Amino acid sequence: MLKSASKVTINTGNVLNLIDIKKKAGQNVTEELSESIKLTLSEWNSQNGLPVQNGSSPDKQAQDSRQQSDYVVVSTSTPREAVVNITRPHDDVQNKMAEEERKNLKIGVKIFINEDSTSSLTECLENVFTALPTEYIDNVILAYNPDLLHLSEASDDKLKSSHATKASPISLGSNVVRIPSTEMEADSEADARKCEAILPGIKVLWAVLEDYVERGRVHQLGVADVGGGCLRRLHAWAHVRPSIAQINLASCCVVPPALHEFCRTNDVQLLTHGDPPDLLSIAAVKTLSEAGVGCDNLDWCARYQVHIKCRGVLALKGYVCKATLGNKDHAIQ
């Protein structure tokens with residue numbers, strides 16, 4: 001039960017071992033995240049979860065009671081907020097990673113964030129390192145989607161769809177799809193508008209990620225949903241250049257020519273994904289709000305995936321998210 005907390009962080013643990021999620025084959029990313037959060041909250045509540053009183057530590061009796069649960073609540077406080085951290089310490093993340101040497105594992109993290117807050121990004125990364133027993137992450141992909149971008153998405157999508165072709169979405173070989181000049185101009189116009197909205201924030205957040213690379217805690221950086229012009233500007237500005245670019249084909253039937261060409265000539269790995277830009281708000285409404293907690297948006301969310309290199313097997317997958325609770329008097333029943 002959450003009564004006096006203003007913030008909550010949720011670590012779902014390894015979702016691959018959640019039977020309820022396995023049964024729902026074909027679910028999309030939003031459904032998977034929502035279901036993972038719901039199951040974590042539900043199981044925590046059933047394991048005698050206790051309320052946090054104004055962010056202060058509970059008494060010894062409460063601590064002893066809580067230690068009997070697989071779902072531990074840790075309260076932290078600052079002058080401005082009380083935070084409840086819900087995690088699953090008896091999940092199999094530790095065991096799964098211990099089955100292989102670290103050099104045989106590839107850890108990838110994608111961070112979804114809507115604000116250019118350096119403290120929020122740092123908090124997100126540190127929560128991932130807490131969830132995973134590792135000294136470094138192989139790659140981190142930044143998915144920055146400020147609210148300003150959402151306002152213009154509808155018009156941009158219409159512009160892109162009017163120029164869609166039946167060409168193969170990804171082709172990084174020599175047979176580059178030739179797009180008429182009028183379509184390239186339209187692509188560039190949409191790219192420029194989007195870039196002006198997101199590039200300043202990306203630069204603020206990128207500086208944080210570069211610090212993690214310089215300290216050896218992250219090895220590669222990537223960015224999601226930017227056009228060729230925007231990627232070129234980020235690439236030229238950054239000290240640690242992006243080596244991965246993700247594009248959502250749900251809103252773009254063909255890879256923008258500028259992005260395609262830039263990745264080909266600058267050895268940037270171009271990947272596709274199916275994550276919606278409004279993932280944070282949709283997941284919050286489907287989970288925390290339905291559970292009786294006033295929450296319209298997740299502050300940030302990180303998805304981690306661990307593959308076994310030699311076999312290409314996905315060993316574990318999980319989410320770490322943080323939400324601001326709209327009403328501290330609400331509770332998860």
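**Buried contacts, ring pairing and internal space in a predicted model**

Ile111 is buried, at 0% relative accessibility. The model described here is predicted. Ile111 belongs to strand β4, which covers residues 105-113. Its C-alpha atom is 8.0 Å from that of Tyr144, and the two residues are 33 apart in sequence.

Two further C-alpha pairs link distant stretches of the chain. Ala82 and Lys7 are 75 residues apart along the chain, yet their C-alpha atoms are separated by 6.2 Å. Ala82 is part of strand β3, residues 82-87. The residue has a relative accessible area of 7%. Ala82 is therefore buried, the limit being under 20%. Ser119 and Leu205 are 86 residues apart along the chain. Their C-alpha atoms are separated by 9.4 Å. Ser119 is found in helix α5. Unlike the buried Ala82, Ser119 is exposed, with 53% relative accessibility.

Cysteines were examined next. The structure holds one disulfide. The bond is formed by Cys301 and Cys321, with 2.4 Å between the sulfur atoms. Cys301 lies in strand β9 (residues 298-308) and Cys321 in strand β10 (residues 313-324), so the disulfide ties together parts that are 20 residues apart in sequence. Both partners are shielded from solvent by the accessibility criterion. Cys301 is buried at a relative accessible area of 0%, and Cys321 is buried at 2%. Cys124 is in no disulfide. The nearest cysteine sulfur to that of Cys124 belongs to Cys301, 7.5 Å away. A disulfide needs sulfur atoms within 2.5 Å, so Cys124 and Cys301 do not qualify. Cys124 is buried, at 0% relative accessibility. Cys195 also counts as buried, with a value of 3%.

Aromatic contacts were then searched. One aromatic pair was found in the whole structure. Phe129 and Tyr212 form this pair, and the arrangement is stacked. The ring centres are 6.4 Å apart, with 10 degrees between the planes. Stacking requires planes under 30 degrees apart, so the angle of 10 degrees places this pair in that class. Phe129 lies in helix α5 (residues 118-131), whereas Tyr212 lies in helix α7 (residues 181-214). The pair therefore ties together parts that are 83 residues apart in sequence. Both Phe129 and Tyr212 are buried.

Each ring of the pair also has an arginine over it. Arg215 lies over the face of Tyr212, at 4.7 Å from the ring centre. Over the ring of Phe129 sits the charged end of Arg217, 4.1 Å from the centre.

Internal space was assessed with a probe. The count comes to two cavities of 30 Å³ or more. The second largest cavity has a volume of about 30 Å³. Its lining includes Lys110, Phe112, Ala143, Asn145 and Ala224. Asp225, His273, Asp275, Pro276 and Pro277 also line this cavity. By class, the lining has five nonpolar, two polar and three charged residues.

Asp225, one of the residues lining the second largest cavity, also stands out in its backbone. Asp225 has a positive phi of about 60 degrees although it is not a glycine. The residue is found in the loop between β6 (218-224) and α8 (228-237). Asp267 is a further non-glycine residue with a positive phi, here about 55 degrees. Asp267 is found in the loop between α9 (257-265) and β8 (269-273). At 71% relative accessibility, Asp267 is exposed.

Helix α5 recurs in these results. The helix contains Ser119, which is exposed. Helix α5 also holds Phe129, which is buried and has the charged end of Arg217 over its ring.

Conventions. Residues are numbered from 1 along each chain as its sequence is written. This is a predicted model: local features need pLDDT of at least 70, side-chain atom pairs count only at pLDDT 80 or more; totals for chains, interfaces and linings use all residues. Side-chain values use heavy atoms; hydrogens and water are left out. Helices (H or I, at least four residues) and strands (E, at least two) are DSSP runs, numbered from the N terminus. Buried means under 20% relative accessible area, exposed over 50%, partly exposed in between (1.4 Å probe, protein chains only). On a 1 Å grid over the protein atoms alone, a cavity is a set of points where a 1.4 Å probe fits but cannot get out, and a pocket is an open set with protein on both sides within 12 Å along at least five of seven lines; lining residues have an atom within 4 Å of a point. Grid points are joined across faces, edges and corners, and a volume is the space filled by probe spheres set on the points. Ala, Val, Leu, Ile, Met, Phe, Trp, Tyr, Cys and Pro count as nonpolar, Asp, Glu, Lys and Arg as charged, and the others, Gly among them, as polar. Rings of Phe, Tyr and Trp (its six-membered ring) pair if their centres lie within 6.5 Å; planes under 30 degrees apart count as stacked, over 60 as edge-to-face and the rest as tilted. A charge sits over a ring if NZ of Lys or CZ of Arg is within 6 Å of the ring centre and within 35 degrees of the ring normal.
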